[in-house]
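Trainee: I am new to this structure and would like to take a close look at a single part of it. Could you walk me through that part slowly, and then show me how the rest is arranged around it?

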Amino acid sequence: QVHLRARSYILAASPIETARILLCSDLGKAAANVGQGFVDHMVASYVLLEPAPPEPIHDPLAISALVESFVNVDDDSKRSYPGGFTIELTGPVSLSSLDMERMVPRSEEDSWRATQIHAMGECFPHADRFVTLDHSETDVTGRPIPRIHMSWTDAEEKMAEDMKNACAQLADPLAIPGSKL
């Protein structure tokens with residue numbers, strides 16, 4: 001067992017791993033709310049496949065774009081849910097650079113390119129989303145397995161639908177004839 005003394009600590013892990021570390025620690029009553037109101041990002045991911053060979057990439061930033069949150073920023077973009085979402089685009093690139101060769105027949109993979117489109121939304125804490133530990137099952141290091149209890153609110157379901165629609169609407173003008181989303 002290792003003991004470290006410091007004025008403060010920074011714990012930099014994922015939301016699930018942070019909860020596991022804290023729940024496994026001897027925090028007593030201080031751990032009562034650990035894992036409650038679990039928050040992570042909601043993601044809608046798409047791949048736009050285009051029947052054209054990719055062009056050589058000289059600058060990786062030239063094939064990347066970020067569309068910052070564009071909903072709930074003013075009266076014109078008001079939605080029925082809080083928060084918003086951003087969209088990231090990367091591509092077009094070769095299928096092999098994304099380990100997506102099997103999305104088309106192997107004999108055709110050099111004649112296709114791919115653009116990734118990811119929408120990432122903000123989720124907010126609520127009582128039906130939390131992390132607990134299952135002490136009856138352990139990982140390979142002997143630590144209890146985290147159990148993630150997920151539930152989406154009506155607002156998050158509406159945002160997820162908006163995210164999917166926004167990705168498809170963004171893909172349409174990018175796609176060349178014969179493309180698949």
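Trainee: How many bridges join strand β3 to strand β4, and do the two run parallel or antiparallel?

Mentor: Please keep in mind from the start that this is a predicted model. Eight bridges join strand β3, made of residues 85–94, to strand β4, and the two strands run antiparallel. One pair that you can find by eye is T86 and M120, since T86 has M120 as its bridge partner in β4. Strand β3 also holds P92, and the peptide bond that leads from G91 into P92 is cis, with an omega near 5 degrees. To place that detail in context, most peptide bonds are trans.

Strand β4 itself covers residues 113–121, and seven of its nine residues are buried, which leaves the strand mostly covered. Besides its pairing with β3, strand β4 is joined by nine bridges to strand β1, residues 42–50, and this pair runs antiparallel as well. Here you can look for V47, whose bridge partner in β4 is Q116. As you follow any of these strands, it helps to remember that in a regular strand the side chains alternate between the two faces of the sheet.

A good residue to study within β4 is G121, which belongs to this strand. G121 counts as buried because its relative accessibility is 1%, below the 20% limit. If we leave aside residues up to four places away in sequence, G121 touches H41, M42, G84, F85, M159 and M163. Of these contacts, M42 falls within the residues 42–50 of strand β1, F85 within the residues 85–94 of strand β3, and M159 and M163 within the residues 154–174 of helix α2. By contrast, the C-alpha atoms of G121 and A52 are separated by 31 Å, with their positions 69 residues apart along the chain.

Strand β4 also takes part in a salt bridge, in which E50 meets R113 with the closest N and O atoms 3.1 Å apart. This pair links distant parts of the chain, as E50 lies in strand β1 and R113 in strand β4, 63 residues apart. E50 is buried, with a relative accessible area of 3%, and R113 is buried too, with a relative accessible area of 14%.

From here we can widen the view, for the structure holds ten salt bridges. In one of them the side chains of R20 and D139 meet, at 3.1 Å from N to O. R20 sits in helix α1 and D139 in the loop between β5 and β6, so that pair links parts of the chain that are 119 residues apart. Both R20 and D139 are buried, and they belong to a network of salt bridges that links E17, R20, D139 and R143.

In another salt bridge, the side chains of D162 and R79 meet at 3.0 Å from N to O. Because D162 lies in helix α2 and R79 in the loop between β2 and β3, the pair ties together parts that are 83 residues apart in sequence. D162 counts as partly exposed at 23% relative accessibility, and R79 counts as partly exposed at 31%. The loop between β2 and β3 also contains N72, which has a positive phi near 60 degrees although it is a residue other than glycine. N72 is partly exposed, with a relative accessible area of 22%.

The loop that holds D139 brings us to the hairpin of β5 and β6, which has five residues between its strands and in which G142 takes a positive phi near 90 degrees. Strand β5, residues 130–138, is joined by six bridges to strand β6, residues 144–149, and the two run antiparallel. T138 has P144 as its bridge partner in β6.

Let me close with the cysteines and one surface feature. The structure holds zero disulfides, and C167 shows why this residue forms none, since its sulfur is 15 Å from the closest cysteine sulfur, in C123, which is too far for a bond. C167 counts as buried at 0% relative accessibility, whereas C24 is partly exposed, with a relative accessible area of 42%. On the surface, V2, L4 and Y9 form a nonpolar patch with about 390 Å² of accessible area together. V2 has its place in the segment before α1, and V2 is exposed, with a relative accessible area of 70%.

Methods. Residues numbered from 1 in each chain as written. Predicted model: local features only at pLDDT ≥ 70, side-chain atom pairs only at ≥ 80, totals over all residues. Heavy atoms only, no water. Pairing = 2+ DSSP bridges. Helix = DSSP H or I, 4+ residues; strand = E, 2+ residues; numbered from the N terminus. Disulfide = S-S within 2.5 Å. Buried < 20%, exposed > 50% of the residue type's maximum accessible area, 1.4 Å probe, protein only. Patch = residues over 30% accessible without salt bridge, like charges linked within 9 Å, V, L, I, M, F, W, Y side chains within 5 Å. Areas by Shrake-Rupley, 256 points an atom, 1.4 Å probe, with all protein chains shown as cover. Salt bridge = Lys/Arg side-chain N within 4 Å of Asp/Glu carboxyl O. Contact = heavy atoms within 4.5 Å.
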